[in-house]
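Here is a walk through one protein chain, stop by stop. Keep the 3D view open and turn it as you read.

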Amino acid sequence: MIEIQTTFQRAERYIPGGVNSPVRAFQGVGGVPIFFKSAHGAYMVDEHDREYIDYVGSWGPMIAGHAHPHIVEAVSACLKKGLSFGAPSLLEIQLAEKICKLMPVIEKIRMVNSGTEAAMTAIRLARGYTKRNKIIKFAGCYHGHADALLIQAGSGALTLGVPSSAGVPESVVQDTLVAEFNRLDTVRTLFEKHKNDIAAVIVEPVAGNMNCILPLPEFLPGLRALCDQYDSLLMMDEVMTGFRVALGGAVSRFGVKPDLMILGKIIGGGMPVGALGGRADIMSCLAPLGPVYQAGTLSGNPVAMTAGLATLELIESPGFHKQLEQKTGSLMDGLKERATAAGISLQTVAIGGMFGFFFTDQENIETYADVKKCNIDRFKKFFHGMLHEGIYLAPSAYEAGFMSSAHSEIEIINTWNAAEKVFAML
Ligand code: KE4
């Protein structure tokens, strides 16, 4: 008998769980992941040539839509000049200059290959600079999969229902302290207990890895004040929010100045790029200038720099973020309107080009505990109903959604129409 092997079974034969990143495996929603073969503008196309309106955008990088001609042309031209030099290039300076201009809080910046690598390096740098070991992170926030940060992490770690990972030694866990996002008192308690042992606080200024949660007005300023009081560093992880919630990122939107920033996603335009940056006196502790080592074969890769530069050139255009936020807000308002009409309690959040929605009648979703109380089963049904209608949402109730400049009124109206049908079946 000829065994008809599905694509996913074939993937599972060689790749753990059939995926190269856990959240893609649909374990958070059930079912079998879709294998895509191409993407353009607001759309992705699967192996059966079916088109989906895409609100994942490769988890954030595709803010200008997929395969934008300006980016494709720039990268195509760069490829012909060589894929990697392993030596300095002008492109690295150009991207560094552009990021520092758009985010003046960044006085010096180091390129790496992922958000994980950037966050991991930032932790080492904070420890090397302060000569302290403890780090405060927030339950449900995700900063990549470095050991020190895989404690009550969000995103895929939360999606799998395993907020802490196996393989992380006790010695690491003891130096990672966990507080509650939007609950300053939980941070103050940790500082009062550990005083001058805390190297840094690391926070997503908008929590995008336990769905999408905005900071309460006093939260970020309160973190800044506590870090100043105890001479600890404040590190903002803007891998997701950077250049998405505003051209200058959350740091420009909320006006709280961190000591270090962590970037990724959009600055690579879809190619593997992460970066850490911030105060020159801290960044100068990085090798080869200082004693904190960090390195990478493909860091500052010319092709990746080109894709990032071309993307930032597009989002610098006047009114880009105003229009993006209008689209995101309109999408969420229309979704909530249709849910209410169907008698379904839905809360929505929209900021810049990112959004979240929660199946709950609790109006203000402020903490990780609030998210965990939402109706996940209803989310799963909604996800699959929308997928059936050709709308590709993040396959997890613990992820944010992403808008692009390529989404037009047509895609938003089609998404509303799909939601109306699905809400009626929930
Ligand atoms: P990467 O190592 O995946 O490039 O970046 C890690 C990271 C760091 N900080 C924040 C705020 C992040 O959101 C991320 C990665 N985001 C997830 C989506 N929530 C990536 C998707 C995945 O893991 O496949």
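What follows goes from a helix pair to a pocket, then to the cavities and a few single residues.

One thing to keep in mind from the start: this is a predicted model.

Let's begin with two helices, α3 and α11. Two packed helices are described by the angle between their axes and the distance between the axes. For α3 and helix α11, which covers residues 302–315, the axes come within 9 Å and cross at roughly 35°. The crossing of α3 past α11 is left-handed. On the α3 side, the contact is made by Leu91, Glu92, Gln94, Leu95, Lys98, Ile99 and Leu102. Facing them from α11 are Pro302, Met305, Thr306, Gly308, Leu309, Leu312 and Glu313. Sort the residues of this contact by class and you get 8 nonpolar, 3 polar and 3 charged.

Stay with α3 for a moment, since the helix also turns up in the wall of a pocket. The second largest pocket has a volume of about 390 Å³. Its lining takes at least two residues from α3 (90–102) and at least two from β4 (108–112). In total 20 residues line this pocket, and Glu92, Arg110, Met111, Ser299 and Gly300 lie nearest its centre. You have met Glu92 already, as one of the α3 residues in the contact with α11. The pocket lining is made up of 10 nonpolar, 8 polar and 2 charged residues.

Now for the enclosed spaces. How many cavities of 30 Å³ or more are there? The count comes to 4. The largest cavity holds about 100 Å³ of space. Of the 13 residues around it, Phe357, Phe379, Glu399, Ala400 and Gly401 lie nearest the centre. Strand β12 (residues 354–358) gives the largest share of that lining, with 3 residues. By class, the lining has 8 nonpolar, 4 polar and 1 charged residues.

The second largest cavity contains about 60 Å³. Around it you'll find Asn211, Phe357, Phe358, Phe359, Val371, Cys374, Asn375, Ile376, Phe379 and Ala397. β12 and α14 (376–388) are the elements that give two or more residues to this lining. No charged residues appear here; the lining has 8 nonpolar and 2 polar ones. Phe357 and Phe379 belong to the linings of both the largest and the second largest cavity.

Next, some backbone oddities to click on. Ala287 and Pro288 are joined by a cis peptide bond, with omega at about 5°. Pro288 sits in the loop between α10 (280–283) and α11, so-called here by the helix we started with. Ser155, in helix α5 (residues 155–159), has a positive phi near 55° without being a glycine. Asn182 is another non-glycine residue with positive phi, near 75°, and is placed in the loop between β6 (176–179) and α7 (184–194). Are these two buried or exposed? Ser155 is buried, with a relative accessible area of 8%, and Asn182 counts as buried at 3%.

Finish at Val45, in strand β2 (residues 43–46). Its relative accessibility is 9%, so Val45 counts as buried. Beyond its neighbours within four places in sequence, Val45 is in contact with Phe36, Lys37, Ser38, His40, Arg50 and Glu51. Phe35 is 10 residues away from Val45 along the chain, and the C-alpha atoms of the two are separated by 8.7 Å.

Conventions
Residues numbered from 1 in each chain as written. Predicted model: local features only at pLDDT ≥ 70, side-chain atom pairs only at ≥ 80, totals over all residues. Heavy atoms only, no water. Helix = DSSP H or I, 4+ residues; strand = E, 2+ residues; numbered from the N terminus. Buried < 20%, exposed > 50% of the residue type's maximum accessible area, 1.4 Å probe, protein only. Contact = heavy atoms within 4.5 Å. 1 Å grid on protein atoms, 1.4 Å probe; cavity = no way out; pocket = protein on both sides within 12 Å on 5 of 7 lines; lining within 4 Å. Points joined across faces, edges and corners; volume = space filled by probe spheres on them. Nonpolar A, V, L, I, M, F, W, Y, C, P; charged D, E, K, R; others polar. Axes fitted to C-alpha atoms, helices over the stretch in contact; angles between N-to-C directions. Left-handed = near helix turned anticlockwise from the far one by under 90°.
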